[in-house]
Amino acid sequence: MNGSRGTSVDTPGETEETTDDRARSRYAWRVLSVVCLASLMSGLNNSSLTIALPAIVGSFDASVFETTWILLAYQLTNVSLMVFFGRLADLFGRRPMYMTGVALFTGASLLAGFAPSVGLLIACRVVQGIGTAMLITNSAALVTAAFPRRLLGQGLGIYMASFSLAQLLGPTLGGLLATELGWQWTFWSNVPVGVVCLLWGLRVMERVPRRRERLRIDPLGNLLVLVGLGALLLALSQVGTSGWDDPLVLGCLAVFVLAVPAFLLVERRVAEPVVDLRTFRDPVVGIGTLAGFLATVSRFAVVLLMGLYFQAVSGDTPAEAGLKVLPVAIASIIAAPLAGALLRHIAPRTVAVAACAFSLVGVTLLLFTISVDTPYPVLIGAVVVLGIGSGAFIPANSTAMLQDLPPDRLGITNAVRLMAQSSGVVISTAVALTLVAAPLPVALRPQLFDGSLSQVSPKALEDLVTGYRWAFGLMAVMSVLCLVASTVGRQVNAISRRAATTVPTR
């Protein structure tokens, strides 16, 4: 009789627990659908614009400076405001911040298509950058807070795959829209996606009570982030055409060098810094941030460089070059969710180390095989290996950093991670393009970027290959450093988790 009562009491408890777990899982997948939709929207816009840019420049007869700032205004705004919005999200909640970002990005996309001048288009790009910063700084944090720990790696893997999908579809979509409908549709195509995302997110995402804290903003710290990163981005964007000895480049680099220690000094003294330097006292976070930055610097520009290679060396059209680099995006899309599934059984940092090793093998193969007449299967095989490593690294590294953090630190920590990663994107692109063009005579560099270098002398192509070897050599060095950081991080993660689970004895 007593045994029967025991059974009748335990069963409802088990049923209730199972029901709650299922409800949480359903909620998590719905949140993930919102996050992936918004990430796909912002990623498609960014990647498609690189193909549509010539049509935009021709429509406005934009100068080189204006053309640069069509891209730079968005990048600078996005990178410099990530940490700021991470702090605001911790105070006001990630749901309202995320929905505001979706609304801003959608509205700016609509207005950008109607922009009557390049100045107003750049202003719309600034607003798009603000919206994207609100989205990106909260995306992984929303996924991490929604998912049960046993499914977190899988959720982050699918989220990261949405970026790879955007990179896969963006250039093709941008070229098609700009050619058939006009460059305006590269912006207007975001609007229906944004409206659906906004309505679905408002319905799905749970409201979380605001934290009862006084809002304290660090205006000087935010200004130093904007000035320092802005100067660095401007220097890196100009060095390819003006050279390292250009007064503007030197002046911007000097501003950046002065802004860094000033920023660190300010952040150590203010009560509520835009970047809490104490975050980096946690070695798991510090090493994870460093590894993520090195990984981005070492791999991000590879697809861009290979697209230029196929056009400049092989004489391919942009469409043909896009198809040739397609396998790397497919490899990343497949690798990200597979890595997420592996994280249910293998420690995240172990997966990150293996992913770093894959990427190092891929970039080393590119370094030693790149030439004017390297067979396509050899090149794309190396790029696919690198893509597998790149796709698997991000969810593994993100999970290792975020899985054990308290909820009130997720937003700011994720914002720091993303700012470092986004800075790596800019640096990887600027430095790689500078290196591949450096051996070429200045007069021939425009032919590299418009894809017509194959029409000039073989000597120019050989010089270009030398530049590619310099770029891949630097990427290989960065990959080695990333592997070292991830290996150290693996040991640190293991020590940290053992310390957390150790019960003191008397």
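When I say buried, I mean a residue with under 20% relative accessible area. Keep that cut-off in mind, because C124, with a relative accessible area of 12%, comes out as buried on that basis. One caveat before I go on: what you have in front of you is a predicted model.

Let me stay with C124 for a moment. C124 sits in helix α4, which covers residues 118-146. If you skip the neighbours within four places in sequence, the contacts of C124 are A108, L111 and A112. There's also a distance to G113, which is eleven residues away along the chain: C-alpha to C-alpha, C124 and G113 are 9.3 Å apart.

Okay, the overall picture. The chain has 18 helices and zero strands. There are 506 residues, and 52% of them count as buried. As for contacts, take those with a separation of 6 or more: 84% of them are between residues 24 or more positions apart.

So which helix shall we look at for burial? Have a look at α11, residues 302-312. Nine of its eleven residues are buried, so α11 is largely enclosed by the rest of the structure. The buried set in α11 includes V302, L305 and M306, and Y309 and F310 belong to it as well.

Hang on to Y309 and F310, as they come back when we turn to the aromatics. The structure has eight aromatic pairs. One of them is Y468 with F472: the ring centres are 5.9 Å apart and the planes are at 55 degrees, and because edge-to-face needs over 60 degrees and stacked needs under 30, this pair is called tilted. Why are those two separated by about one helical turn? Because Y468 and F472 are four residues apart in helix α18, residues 458-501. As a reminder, an α-helix has 3.6 residues a turn, so residues three or four places apart point the same way. Y468 and F472 are both buried, too. And here's where α11 returns: ring pairs join Y309, F310, Y376, Y468 and F472 into a cluster.

While we're on rings, there's a charge to point out. R299 lies over the face of F393, 5.2 Å from the ring centre.

Back to α18, then, for two more of its residues. S479 is in that helix, and with a relative accessibility of 1% S479 counts as buried. Outside its neighbours within four places in sequence, S479 is in contact with S298, L360 and V363. D463 is in α18 as well. Is D463 buried or exposed? At 15% relative accessibility, D463 counts as buried. Once residues up to four places away in sequence are set aside, D463 touches P439, L440 and P441. With P439 you can see the chain coming back on itself in numbers: 24 residues apart in sequence, and 5.5 Å apart in space between C-alpha atoms.

One more single residue, over in helix α3, residues 94-113: that's T106. T106 has 10% relative accessibility, so it counts as buried. Its contacts, again leaving aside neighbours within four places in sequence, are M41, V191, G194 and V195.

Last topic, the empty space. How many cavities of 30 Å³ or more does a search of the whole structure find? Two. The second largest cavity holds about 40 Å³. Its lining is made up of V79, L229, L232, L233, S422, S423, V426 and I427. Helices α8 (219-242) and α16 (407-437) each give at least two residues to that lining, and the largest share, four residues, comes from α16. By character, the lining of the second largest cavity has six nonpolar residues, two polar and no charged.

Then there's the second largest pocket, with a volume of about 650 Å³. Of its 22 lining residues, L229, V260, F263, M419 and S423 are the closest to the centre. Helices α8, α9 (247-269), α10 (283-299) and α16 each supply at least two residues of the pocket lining. As for the kind of residue, the pocket lining splits into 19 nonpolar, three polar and no charged. If you'd like to compare on screen, L229 and S423 are named for the pocket and are also in the cavity lining.

That's what I had; happy to go back to any of it.

Key
Residues are numbered from 1 along each chain as its sequence is written. This is a predicted model: local features need pLDDT of at least 70, side-chain atom pairs count only at pLDDT 80 or more; totals for chains, interfaces and linings use all residues. Side-chain values use heavy atoms; hydrogens and water are left out. Buried means under 20% relative accessible area, exposed over 50%, partly exposed in between (1.4 Å probe, protein chains only). Contact means heavy atoms within 4.5 Å. Rings of Phe, Tyr and Trp (its six-membered ring) pair if their centres lie within 6.5 Å; planes under 30 degrees apart count as stacked, over 60 as edge-to-face and the rest as tilted. A charge sits over a ring if NZ of Lys or CZ of Arg is within 6 Å of the ring centre and within 35 degrees of the ring normal. On a 1 Å grid over the protein atoms alone, a cavity is a set of points where a 1.4 Å probe fits but cannot get out, and a pocket is an open set with protein on both sides within 12 Å along at least five of seven lines; lining residues have an atom within 4 Å of a point. Grid points are joined across faces, edges and corners, and a volume is the space filled by probe spheres set on the points. Ala, Val, Leu, Ile, Met, Phe, Trp, Tyr, Cys and Pro count as nonpolar, Asp, Glu, Lys and Arg as charged, and the others, Gly among them, as polar.
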